[in-house]
Structures are given as C-alpha cells and as structure tokens.
Amino acid sequence: MISTSTKKTSIITLCGFFVLLLVFQSCKKKHSEIADQLFKTTQNKIYQDIDPDTLAFTLKKEISSQKSKIANEAVIEAYLRSNNYQPMLVMNHLFNGDIDALPEYYDKINEHGLDKKPYHSEAIKALAAKLQDKNGIKTVEEAYQTLAQLEILTASSLIKYSNALQYGVINPRKIYSRYFSATKRPDSISMNNTLQAKSFKAFLDSIQPADPQYKALQKAFLNNTVLDGLSKEESRRYFLVNLERLRWKNKPKETKYVIVNIPDFKLDVIDSGKSVLNMKVCVGEGRNKDYHASLISYADSDRYDKPFPRETPLLSSSIHSVEVNPMWNIPRSIATKEIIIEAADDPYYLSNKNIDVYKDGKKIEDPELIDWSKVTKDNLDYDFKQRPGEDNSLGKIKFLFKNKSSVYLHDTPAKEAFRHSMRAVSHGCVRLGDPEGLAKNLFGEGENFDTISKDMHEDNPEPTNIALPKKTPIYITYVTCWADDNGTLQYRKDVYGLDIVLYAHLKLLMSNI
C-alpha cells in the first residue's frame with residue numbers, strides 16, 4: 001500500500017516536471033522567435049541555424065572575457081541572466097533604429113566637455129550594420145559572436161552615457177576629503193532602469209541636461225568663450241570643471257534654502273528660485289589663498305586633495321536653531337596654536353578677552369598665575385571658554401546645523417575682513433556680514449525675532465537658544481564659474497585648489513583634454 005506522503009511526493013515531482021517543461025518550451029519558443037526575427041528582417045539564411053543554447057553560451061563567455069574591461073559588469077551580467085543570456089537589447093532595439101541612433105548621441109558627448117572614446121561608437125556602428133546586412137554574417141559562429149559583442153557593448157555604453165550625463169563622471173566623495181553633501185550616485189536600480197528603456201532615443205533625449213546654468217556654461221564652452229582676464233585654455237578648463245559639478249546630483253530641491261559659495265565669499269537665501277538675501281561672508285583659510293596655483297599652472301602635488309586644516313568643508317544640512325550671545329568653547333587646535341601662546345606673552349590676555357580656563361571641569365580662578373610658557377600641545381590639560389560679549393569671536397549669534405566638522409554660521413567682531421576681496425580668513429566656520437538680517441529672514445517678524453534682536457543688543461548678555469519653527473536647508477558649496485541673473489559669466493579664483501583636483505581627475509578619464 002502506497003503511503004500518503006509518497007503520493008504527495010510523486011505529485012510534487014510530477015508538477016515540477018511539467019513546470020520545467022513549460023519553461024523549457026517557453027524559452028525554446030522565445031529563442032526560435034529570435035532566429036525567425038533575424039531571418040525575416042534581413043533574409044540572411046544563416047540566422048535560421050541559430051541555436052539558443054549556443055547563443056547563451058557565447059554571451060556567457062563574452063561577458064566573462066570582458067569583466068576586467070567594462071564598467072558595471074555585475075549589473076550587465078544580472079540583466080543578461082534575467083533574459084536567459086539572450087541578446088534582448090539587440091532584438092528589441094536593433095530593427096527600430098534605436099541602436100543605430102546611439103552613436104549619434106555618443107559622438108556629441110564632447111559638447112558636454114566629455115570624451116567620446118569610451119562609448120565605442122564605431123564598433124557599435126560596425127556590428128549593427130553587419131547584423132542588418134543580408135550578406136554581413138557569413139557563418140552561424142559569426143552570428144553568435146556579433147550578437148554577443150553588440151549586446152554587451154550596447155548595455156555598457158548606454159549605462160556609461162546615462163551615468164555620465166545624469167550623475168557626472170567623477171564621484172566627488174572619492175576626490176575630496178572634506179565633502180559631506182548628500183549626493184545621489186547611480187546604483188543597480190537606476191542602471192537596470194536604463195537597460196529597460198522602451199525607446200533609447202526618447203530616454204536619451206530625456207536625460208540631456210536642461211538646467212539654465214548648464215546651458216549657459218555649455219554654450220560658452222562650445223563657443224570658445226574667453227573669460228575676462230583669463231586665457232582661452234584656462235577659460236575652457238573653468239567650463240569643464242564646472243559643467244562636471246553641475247552634473248552631480250547634489251543640488252537643492254527645496255523651495256527655500258541657504259547657500260554659501262566658498263570661492264565667491266557670499267551667502268544667499270534662495271526662495272522660489274530667487275535670491276531674497278545676499279551678504280558677504282568669510283570662510284576658512286585656504287591652501288591656495290594667495291592664488292599661486294591655477295588651472296593652467298599647478299604642481300603635481302596639487303592634483304590631490306590635501307586640505308589646509310582651516311578650510312570650510314563642503315556640506316548639506318539643515319539649520320535648526322540659533323544661539324544668541326553664545327559661549328565659545330574654544331577648540332583644542334586653536335587653544336594650542338593661539339591661546340596658550342598669547343597667554344604666555346601676556347598673563348592678562350585671558351581675562352582681557354573674557355576667556356575662562358577649566359581643568360577637570362572646574363573653573364580656575366587665577367589663570368594668570370599659570371606659567372603658560374611651560375604649557376604645550378602635548379601637556380595641555382586645560383579647557384578654554386570665551387564668555388558672551390563684544391569681544392567674543394562668535395559675535396552676537398551663531399546658527400547651528402548638524403555636521404561632522406563642528407562648523408556653523410556666526411557673527412564676528414572682526415569686521416575689517418569684510419572690506420577685502422579675499423575673505424578666506426576664518427578657522428573653518430562661516431562668518432556672516434549681516435547675521436541679524438539672516439535671523440530676520442529665517443524667523444520672520446514676530447516674538448522670536450524680537451527676542452533675538454533685543455538679546456543681540458544687550459549690554460550684559462546671557463546665552464539664549466531659540467529653535468527655528470521650521471528647519472531651513474543649508475548648502476556650503478564650491479562653484480567657480482556661473483552665469484549671473486543678467487546672463488553674464490562670472491568666475492572666481494580657486495582659493496582651495498579644488499578646481500585643480502577635479503580637473504586632474506577629469507584629465508585621467510579623457511583623451512581629449
């Protein structure tokens with residue numbers, strides 16, 4: 001007598017057999033359709049001899065041999081695997097003109113300041129023409145190889161082109177050591193979506209950069225525009241690096257935000273696409289503050305990002321609150337390089353600057369009695385805090401936002417720096433030319449701003465923390481060339497040398513620069 005469990009096992013096995021049979025028949029049907037479509041379209045009888053299993057084997061072999069030569073190989077192989085290693089890109093896009101159109105787009109990528117060499121236009125043209133020519137394929141082995149090569153070249157070039165225009169060819173996080181801006185990069189989902197496009201032409205048209213700033217710089221690049229005071233070649237390099245920056249997906253999408261452009265030494269509040277507040281700022285001291293290096297003249301060592309310790313980082317965050325009449329917790333780096341040296345020269349420096357000294361959390365009552373000449377960065381076990389007041393280095397207000405570098409926007413008693421054109425002079429934070437104006441813009445008229453304004457003008461100030469009712473995004477950026485509201489091209493010198501770093505990395509990728 002057959003047990004119930006044995007019957008169930010037999011039924012499951014039988015069902016599994018039929019499922020595999022159906023899948024096999026379905027694949028065979030699909031595979032035969034490939035041969036039929038190729039023959040029907042070209043009338044080349046060689047295609048009638050195509051064996052689906054041999055075609056799959058050839059594609060597997062080809063992708064394996066190309067692993068070290070093509071980018072995004074894992075994504076491409078996953079796509080091929082999902083199609084049973086059949087050339088579905090070729091079959092879906094060869095005979096509707098899509099693949100023939102690819103080289104037209106690739107050959108124009110130099111209009112974006114990029115090199116067309118990595119996109120293999122000529123190879124794609126030749127392979128596509130061979131497959132479509134009635135007499136182009138002489139043997140079935142040649143058919144297998146040509147189909148496999150065109151499938152992989154199409155997938156690889158399409159992803160590479162899409163990534164370049166939508167995300168840029170350089171990942172800023174990999175070349176800049178102080179880059180903390182949220183920046184979307186291509187991933188397996190976005191690349192797979194590219195391969196799934198129903199019409200290559202419609203897709204490629206849709207990803208062409210449309211930003212007005214991009215269009216303005218692209219036009220200048222194509223017209224060989226020369227920026228005032230620069231040579232033709234240096235102008236071209238300005239356009240190249242800033243076009244690449246514009247391709248990075250790190251741009252504000254919010255209606256209102258604060259943006260600082262380091263090389264311009266300016267802050268803007270943007271609301272609905274318009275600047276509603278603009279002011280001068282001072283940023284962190286830069287490695288190239290004397291502008292000794294440029295895109296035309298730089299040392300080999302300038303090609304790599306080695307930031308000066310005081311440089312302001314590139315970041316995106318949200319301003320969440322302000323501290324009016326802030327207490328300044330002096331960083332150890334400043335204490336060792338400045339505070340203890342000043343105290344050694346003048347025992348009353350600390351009291352004159354309203355700086356309190358702490359040890360093990362306890363305030364020292366007579367810091368002038370300490371022999372500061374014997375204190376060094378190696379044996380420093382004191383903390384320093386500057387009380388609120390006119391001399392406080394943070395001024396009357398600071399604007400707080402989360403970041404890894406402990407920087408913020410703040411007022412300053414050192415107003416003289418705002419009179420100079422080169423304002424990379426701070427320890428890393430951003431000093432504001434009109435801090436009260438920024439507070440008024442962010443908080444608006446009302447009780448909160450009234451409190452801020454009143455406290456900022458107090459004779460005996462006490463620290464006050466006030467949260468923003470609605471957090472405001474902030475972007476600290478680095479842009480050296482753009483078109484202003486009148487369409488006039490502006491450029492700024494490379495105070496941190498970041499243009500040079502970017503250009504050097506672009507140069508490694510392109511044979512045309």
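Me: Is E285 buried or exposed, and how do I read that?

Reply: Start from the relative accessible area: under 20% counts as buried, over 50% as exposed, and partly exposed lies in between. E285 comes out at 12%, so it counts as buried. Keep in mind that this is a predicted model.

Me: What does E285 pair with?

Reply: The rule to apply is a side-chain nitrogen of Lys or Arg within 4 Å of a carboxyl oxygen of Asp or Glu. E285 makes a salt bridge with K289, and their closest N and O atoms are 2.3 Å apart. The partner sits differently with respect to solvent: K289 has a relative accessible area of 37%, so it is partly exposed.

Me: Which residues are linked with that pair in a network?

Reply: Follow the salt bridges on from the pair. E285 and K289 are joined in a network of salt bridges with R310 and E338.

Me: How many salt bridges are there by this rule?

Reply: The count is 22. Another one to look at is D499 with R245, where the closest N and O atoms are 2.6 Å apart. D499 belongs to helix α17 (residues 498-509) and R245 to helix α12, so this pair ties together parts that are 254 residues apart in sequence. Both D499 and R245 are buried.

Me: And what about D381, which residue does it bridge to?

Reply: D381 forms a salt bridge with K359, with 3.6 Å between the closest N and O atoms. Again, distant parts of the chain are linked: D381 is in the loop between β8 (362-363) and β9 (383-386), K359 is in strand β7 (residues 355-359), and the two are 22 residues apart. Try the accessibility cut-offs on them too. D381 has a relative accessible area of 39% and is therefore partly exposed; K359, at 32%, is partly exposed as well.

Me: Back to α12. How many of its residues are buried?

Reply: Go along the helix and check each residue against the cut-off. In α12, 12 of the 16 residues are buried, which leaves the helix mostly covered. Among the buried ones are Y238, F239, L240, V241 and L243, but also charged residues, including E234, R237, E244 and R247.

Me: What length does α12 reach, and what would be expected?

Reply: Take the span from the first C-alpha to the last and set it beside the value for 1.5 Å a residue. For α12 that span is 23 Å, close to the expected 22 Å.

Me: Where does the chain go after α12, say at K249?

Reply: K249 is in the loop between α12 (232-247) and β2 (256-261). Its relative accessible area is 35%, so K249 is partly exposed. Now look for like charges around it on the surface: K249 gathers with K184, K251 and K253 in a patch of positive charge.

Me: How far apart in space are S301 and V501?

Reply: Here you compare separation along the chain with separation in space. S301 and V501 are 200 residues apart in sequence, and their C-alpha atoms are 9.6 Å apart. S301 is placed in the loop between β4 (274-284) and β5 (314-324), and at 43% relative accessibility it counts as partly exposed.

Me: And how far apart are Y349 and D290?

Reply: Their C-alpha atoms are separated by 31 Å, with their positions 59 residues apart along the chain. Y349 is found in helix α14 (residues 349-352). At 17% relative accessibility, Y349 counts as buried.

Methods
Residues numbered from 1 in each chain as written. Predicted model: local features only at pLDDT ≥ 70, side-chain atom pairs only at ≥ 80, totals over all residues. Heavy atoms only, no water. Patch = residues over 30% accessible without salt bridge, like charges linked within 9 Å, V, L, I, M, F, W, Y side chains within 5 Å. Areas by Shrake-Rupley, 256 points an atom, 1.4 Å probe, with all protein chains shown as cover. Charge placed at Lys NZ, Arg CZ, Asp CG, Glu CD. Helix = DSSP H or I, 4+ residues; strand = E, 2+ residues; numbered from the N terminus. Buried < 20%, exposed > 50% of the residue type's maximum accessible area, 1.4 Å probe, protein only. Expected span 1.5 Å × (residues − 1).
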